Amino acid sequence: MSRPDKFIVDGRRLDGRLPDQLRPIKIEVDVLKRADGSCYVEMGKNKVVAAVYGPREAFPRHIQDPSKVVVRYRYNMAPFSVEERKRPGPDRRSVEISKVSKEAFEAIIMKELFPRSVIDIFVEVLQADAGSRTACINAASVALVDAGIPVKGMLTSVAVAKVDGTLVLDPMKEEDNFGEADMPFAFLIRGGKIESIALLQMDGRMTREEIKEALNLAKKGAMEIYNLQREAIMKQFVEEEEENA
Amino acid sequence: MRKIVLPGDLLSTNPKLAGYGTYVEGDKVFARIIGIYEQTDNAIRVIPLKGKYNPSVGDTIIGIVREVVSNGWNVDINSPYQAFLPLSENPEAKPGKKLNEILEIGDAIIAKVMSIDPRMRVTITMKDKVCRAIRFGRIVAINPARVPRVIGKKGSMIKLIKTELDVQIVVGQNGLIWLNGDRKKVAIAEEVVYLIEEEAHTEGLTDRVGEFIRRRKNVQTG
């Protein structure tokens, strides 16, 4: 892949999207039978699967917390998820993503309800195309709800990038690799509104005004994704209802 | 159709109504689990559709012995926490009788939750007339969140299964169900239990289950 000369031509991006348009999203719930909750998400060319186990007994014993549940989050990329084979196993990048994502989820899970136990969240990236951490958070959030774990609300995540001096929502590979800045967000959505920011990272440079503008752009995108997440969860019950009718 | 709510959905602005499956922040009541919204005059509840069994005192449960220790048994109760059955809470215990002669690893028991301490250490008892060691019959596992539907309103669903099929049935709150009786009828009862689990969130279930049982019985006899 080489750097394109121009990222935006006639107001359209390289893949034909408008600057404030998301990539096509597909969400499927309850895809893994053995997991307590699971979800498959496609965000553009990203393909990720999330599995949630628990709350279950924490082993080894020393990780138990007598007052609250322990949350474990594992973000992992498959060796075949990128163009050049990725060495399997955790690396600097995936350990960092796991840590920040875990902290985002710890803020919404009602941890005091399950002392001495553990909730495991595993997300596997099958195919990566920029913004895989946001796709993973979206998938994990749906999987948590599917597992019936008490949470304050849903997490919805989306990134904003800056290319050719313009802010674009949900960047794809080219924009992410050669852009000037990249800023993933995760929001806690409650009562149909964005309640707070649960995760925020940045790569590159943006001015104060640009960050404000990026936040607004991300909020708009997040609400769209939230509606899709809701729809995906509700779908399993509607279908069963129709079968019986 | 009954309304299904997701965590974070705003249910009310009156914190006094907050019931099971909800939480209060500020003066607003939100759902905290996925479930069916239910409103009565003095409370709002969310009846869970998914989730693990969380023990509470007085529940009848079915457990499997996992470990025999010097003063009792550690029992798996299909929840995040193992339960402990002390020797003194098993009426079968007699001086001079070894613990593993009373209950061995892998044995199933019907027991009741006696106490839970703040660190979620669960103690169970067998001093109750429904409690006993299970040596025959069949145990069926379902999603614990669906148990209330298997029991039905004031036990209507269980009563239906018992009268229609003439089988013994004990429903553990933890999602394990013990069935005993004629083998063919137990097989139908098992199917019925899975049917209820599958369609727990729909209405008019009792009628449909009744019809299902009659149809299945005709297939076997005719």
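These exercises work through a predicted model, from strands and helices to salt bridges.

Because the model is predicted, local features need pLDDT of at least 70 and side-chain atom pairs count only at pLDDT 80 or more, while totals for chains, interfaces and linings use all residues. Residues are numbered from 1 along each chain as its sequence is written, chains are lettered from A and ligands numbered from 1 in the order in which they are written, and side-chain values use heavy atoms, without hydrogens and water.

**Exercise 1. Find the domains of chain B, and state how far apart the centres of domains 1 and 2 lie.**

Solution.
- Step 1: Read the bounds, which come from an automatic or database domain assignment. Domain 1 covers 4–48, domain 2 covers 60–134 and domain 3 covers 138–221.
- Step 2: Take the C-alpha centres. Those of domain 1 and domain 2 of chain B lie 35 Å apart.

**Exercise 2. Describe the sheet that contains β6 of chain B.**

Solution.
- Step 1: Fix the terms. Strands (E, at least two residues) and helices (H or I, at least four residues) are DSSP runs, numbered from the N terminus. Two strands pair if DSSP finds at least two bridges between them.
- Step 2: Write the order. Three strands of chain B make an open sheet, β1-β5-β6, with antiparallel pairing.
- Step 3: Find the edges. β1 (4–5) and β6 of chain B each have a single partner strand, so one side of each has no neighbour in the sheet.
- Step 4: Look at one pair. β5 (residues 35–39) and β6 of chain B pair over five bridges, in the antiparallel sense. They form a hairpin, with four residues between them.
- Step 5: Match partners. B:Glu38 has B:Arg45 as its bridge partner in β6(B). B:Tyr37 has B:Val46.

**Exercise 3. Which side chains of β6 in chain B are buried, and which are not?**

Solution.
- Step 1: Recall the rule. In a regular strand the side chains alternate between the two faces of the sheet.
- Step 2: Set the cut-offs. Buried means under 20% relative accessible area, exposed over 50%, and partly exposed in between (1.4 Å probe, protein chains only).
- Step 3: Sort residues 44–48. B:Ile44, B:Val46 and B:Pro48 point to one face and are buried. B:Arg45 and B:Ile47 point to the other face and are not buried.

**Exercise 4. Describe the sheet formed by β13, β15 and β14 of chain B.**

Solution.
- Step 1: Write the order. The three strands form an open sheet, β13-β15-β14, and the pairing is antiparallel.
- Step 2: Find the edges. β13 (138–141) and β14 (168–171) of chain B each have a single partner strand, so one side of each is left without a neighbour in the sheet.
- Step 3: Give the turn. Neighbouring strands of this sheet are turned by 20° against each other on average, direction ignored.
- Step 4: Look at one pair. β13(B) and β15(B) (residues 176–180) pair over four bridges. B:Ala141 has B:Leu176 as its bridge partner in β15(B).

**Exercise 5. How do α3 and α4 of chain B cross?**

Solution.
- Step 1: Set up the axes. They are lines fitted to C-alpha atoms, for helices over the stretch in contact, and angles run from 0 to 180 degrees between N-to-C directions.
- Step 2: Read the values. The axes of α3 (residues 156–165) and α4 (residues 183–198) of chain B come within 11 Å and cross at roughly 155°.
- Step 3: Classify. Angles under 35 degrees count as roughly parallel, over 145 as roughly antiparallel, 65 to 115 as roughly perpendicular and the rest as oblique. α3(B) and α4(B) are therefore roughly antiparallel.
- Step 4: Give the hand. A crossing is right-handed if the near helix is turned clockwise from the far one by less than a right angle, and left-handed if anticlockwise. α3(B) passes α4(B) in a right-handed crossing.

**Exercise 6. Trace three salt bridges and state where their partners lie.**

Solution.
- Step 1: Define the contact. A salt bridge is a side-chain nitrogen of Lys or Arg within 4 Å of a carboxyl oxygen of Asp or Glu. The structure holds 34 over all chains.
- Step 2: Stay in chain A. A:Asp129 and A:Arg23 meet at 3.2 Å, N to O. A:Asp129 lies in the loop between β5 (117–127) and α2 (132–146), and A:Arg23 in the segment before β1 (25–29), so the pair ties together parts 106 residues apart in sequence. A:Asp129 and A:Arg23 are buried.
- Step 3: Cross between chains. A:Asp36 and B:Lys52 meet at 3.3 Å, N to O. A:Asp36 is in the loop between β1 and β2 (37–43) of chain A, and B:Lys52 in the loop between β6 and β7 (60–69) of chain B. A:Asp36 is partly exposed at 27%, and B:Lys52 is partly exposed at 34%.
- Step 4: Cross again. B:Lys50 and A:Asp146 meet at 2.5 Å, N to O. B:Lys50 is in the loop between β6 and β7 of chain B, and A:Asp146 in helix α2 of chain A. B:Lys50 is buried at 13%, and A:Asp146 is buried at 1%.
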